[in-house]
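Me: Please take a close look at one part of this model, the packing of helices on and beside a sheet, and say how the neighbouring parts are put together.

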Amino acid sequence: MQFRPEKVLRIMRQFMTHSNQHAFQTPEASNQGGASVLPYTYTIVRARRKTMVVHVRHASVEVRVPLFVSDAQVKDFVNRHSQWILRKLEHKAGQESQRLALTDGGSIYYKARTLTVRYITDSRDDIVITEREFRIHGRRLSEETAARILQRWLLTQARILLPGRTQALANYLQVGTRLKEVVFRKTKTKWGHCTSSGRIQFNWLIMMAPDAVIDYMIAHEVSHLLHMNHSKRFWNLVESVCPDYRTYVKWLKKHEHRLWL
Ligand SMILES: [Zn+2]
């Protein structure tokens, strides 16, 4: 099980009575209200909640507020937190600039190394990694075909490595028979998932991460075969097989945006 922010948002929306877009981009608009100029727009989501909270995503700002809070109160709240919102937006923009670029000469963050992407025209599709370069071999290479070749290659790597290691760890923890299936799926928000029926799902993009991080993901999902939650007992079990797990959780948090394809 993994926390999914968009799921929470979906649940919140069921309670939503009203949502509107507030744009304070022009000096005219914001000066009317006598407020300072905000270099971003935000959306107000009214819901059955007790507090006001700001969520900053890639380039959007969402303010979730209780049902009976006025627009003026929201505006005041946003103004008071503007420095924080701006810092967050800058951080997201910085992350965006680090995104994977599969163009010839672009850069890729593979196993914690920044490598230059090179297109090599070849009759067969393949990936070859050298000290500095991430070479994509293929026939008619474009960003699209390069992405396809990389996806296929990562999925192959995942199929070679993950089922065996997952089963071995499950056996070691004496829950080998509870593991029914290891499947692969690229999702937007999750690295792994484990169902109560014993099906473990991995996002094959994890193959871009260092091996230690991959092992942590395996430890995390296999531990769910014993504890279907993120309780203290669950984390103790993770720690028993992956003592440095905190380092890997942090690594993923800091770098995962560079791995999305
Ligand atoms: Zn989990």
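Reply: What follows starts with a three-stranded sheet, moves to the helices, and ends with a second sheet. The model is a predicted one, and the description below should be read as such.

The part in question is built on an open sheet of three strands in the order β9-β11-β10, with mixed pairing. Its edges are β9, residues 181-184, and β10, residues 192-194, each of which pairs on one side only. From one strand to the next, the twist averages 15°. β10 is joined to β11, residues 199-202, by three bridges in the antiparallel sense. Within that pairing, His193 has Gln201 of β11 opposite.

Two helices lie across strands of this sheet. Helix α5, residues 143-172, lies across β9 and β11, and runs at about 155° to β9. Helix α6 lies across β10 and β11, at about 155° to β11. β11 is therefore crossed by both α5 and α6, as the order β9-β11-β10 would let a reader trace on the model.α6 also has a helical neighbour. The axes of α6, residues 211-223, and α7, residues 232-241, come within 9 Å and cross at roughly 140°. An angle over 145° would count as roughly antiparallel, so at roughly 140° the two helices are classed as oblique to each other. Their crossing is right-handed. On the α6 side, the residues in contact are Tyr216, Ala219, His220 and Ser223. These meet Phe234, Trp235, Leu237, Val238 and Val241 of α7. By class, this contact has seven nonpolar residues and two polar ones, with no charged residues.

Trp235, one of the α7 residues that meet α6, also takes part in an aromatic pair. The structure holds seven aromatic pairs. In the one formed by Trp235 and Tyr245, the ring centres are 5.1 Å apart and the planes are at 15°, so the pair counts as stacked. Trp235 belongs to α7 and Tyr245 to helix α8, residues 245-255; the two residues are 10 apart, and the pair links distant parts of the chain.

The second sheet can be described in the same way. It is open and has four strands in the order β5-β6-β8-β7, with mixed pairing. The edge strands are β5 and β7, the latter being residues 126-129, and each pairs on one side only. On average, neighbouring strands of this sheet are turned by 35° against each other, direction ignored.

β5, residues 107-110, runs antiparallel to β6, residues 113-121, and four bridges join them. Ser107 stands opposite Thr116 in β6, and Tyr109 has Thr114 as its bridge partner. The hairpin of β5 and β6 has two residues between the strands, and Lys111 takes a positive phi near 50° there.

On its other pairing, β6 runs parallel to β8, residues 133-138, with six bridges between them. Thr116 stands opposite Glu133 in β8. Thr116 thus appears in both pairings, opposite Ser107 and opposite Glu133.

Methods
Residues numbered from 1 in each chain as written. Predicted model: local features only at pLDDT ≥ 70, side-chain atom pairs only at ≥ 80, totals over all residues. Heavy atoms only, no water. Axes fitted to C-alpha atoms, helices over the stretch in contact; angles between N-to-C directions. Parallel < 35°, antiparallel > 145°, perpendicular 65-115°, else oblique. Left-handed = near helix turned anticlockwise from the far one by under 90°. Contact = heavy atoms within 4.5 Å. Nonpolar A, V, L, I, M, F, W, Y, C, P; charged D, E, K, R; others polar. Pairing = 2+ DSSP bridges. Phe/Tyr/Trp six-rings, centres within 6.5 Å; stacked < 30°, edge-to-face > 60°.
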